[in-house]
Amino acid sequence: MGLGGCIILIAVGAILTFATDWHMQGVNLDLVGVILMAVGLIGIATFSGIARRRRVVVPSTPVVEEEPHHHHRGDGYTDGYGV
């Protein structure tokens, strides 16, 4: 169940608990609403915990330093920085 399903459970539970005055024999709609809101809150807590663990960590790319290039002159001499 995703985050949207959890929010819908909380909304339906709140409607049953606070916005209805129906009376059904053998069913306490206030209690059903409270149970739905509790299940929705548990679902949101579980979803946020799982989403936090799924965060992808991208490893940094190592920096590769190149060796300096030695520039050779055409007459057999170097620029002074190596052979």
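In which helix is glycine 4 found? Glycine 4 belongs to helix 1. The model examined here is predicted.

The protein contains 2 helices and 0 strands. It has 83 residues, of which 13% are buried. The protein exposes about 7,300 Å². Carbon and sulfur atoms account for 64% of that area. Contacts between residues at least 6 apart in sequence were also examined; 45% of them join residues at least 24 apart.

Helix 1 covers residues 3-18, with leucine 3 among them. Leucine 3 has 35% relative accessibility and therefore counts as partly exposed, since buried requires under 20% and exposed over 50%. Leu3 also belongs to a nonpolar patch on the surface. Its partners in the patch are Ile7 and Phe47. Together, the three residues have about 250 Å² of accessible area. Phe47 lies within the range of helix 2, residues 29-53.

Glycine 4 likewise sits in helix 1. Its relative accessibility is 41%, so glycine 4 is classed as partly exposed. Glycine 4 and glycine 40 are 36 residues apart along the chain. Their C-alpha atoms are separated by 9.7 Å. Glycine 40 is one of the buried residues of helix 2.

Threonine 17 is also placed in helix 1. Its relative accessible area is 14%; this is under 20%, so threonine 17 is buried. Two polar contacts involve its side chain. One reaches the backbone oxygen of glycine 13, at 2.8 Å. The other reaches the backbone nitrogen of valine 34, at 3.3 Å. Neighbours within four places in sequence can be left aside. Threonine 17 is then in contact with Asp30, Gly33, Val34 and Met37. Val34 thus appears both in this contact list and as the residue whose backbone nitrogen the threonine 17 side chain reaches.

Helix 2 comprises 25 residues, 29-53. At 1.5 Å a residue, these should span 36 Å. The end C-alpha atoms are 36 Å apart, so the expected span and the model agree. The N-terminal end of helix 2 is capped by asparagine 28. A side-chain oxygen of asparagine 28 lies 3.2 Å from the backbone nitrogen of aspartate 30. Asp30 is in turn one of the contacts of threonine 17.

The buried residues of helix 2 are Leu29, Gly33, Met37, Gly40 and Gly43. An α-helix has 3.6 residues a turn, so residues three or four places apart point the same way. These buried residues of helix 2 pack against helix 1. Gly33 and Met37 are both in contact with threonine 17.

Terms used:
Residues numbered from 1 in each chain as written. Predicted model: local features only at pLDDT ≥ 70, side-chain atom pairs only at ≥ 80, totals over all residues. Heavy atoms only, no water. Patch = residues over 30% accessible without salt bridge, like charges linked within 9 Å, V, L, I, M, F, W, Y side chains within 5 Å. Areas by Shrake-Rupley, 256 points an atom, 1.4 Å probe, with all protein chains shown as cover. Salt bridge = Lys/Arg side-chain N within 4 Å of Asp/Glu carboxyl O. Helix = DSSP H or I, 4+ residues; strand = E, 2+ residues; numbered from the N terminus. Buried < 20%, exposed > 50% of the residue type's maximum accessible area, 1.4 Å probe, protein only. Polar contact = N/O pair within 3.5 Å; in protein donor to acceptor, adjacent residues only side chain to side chain. Contact = heavy atoms within 4.5 Å. Expected span 1.5 Å × (residues − 1).
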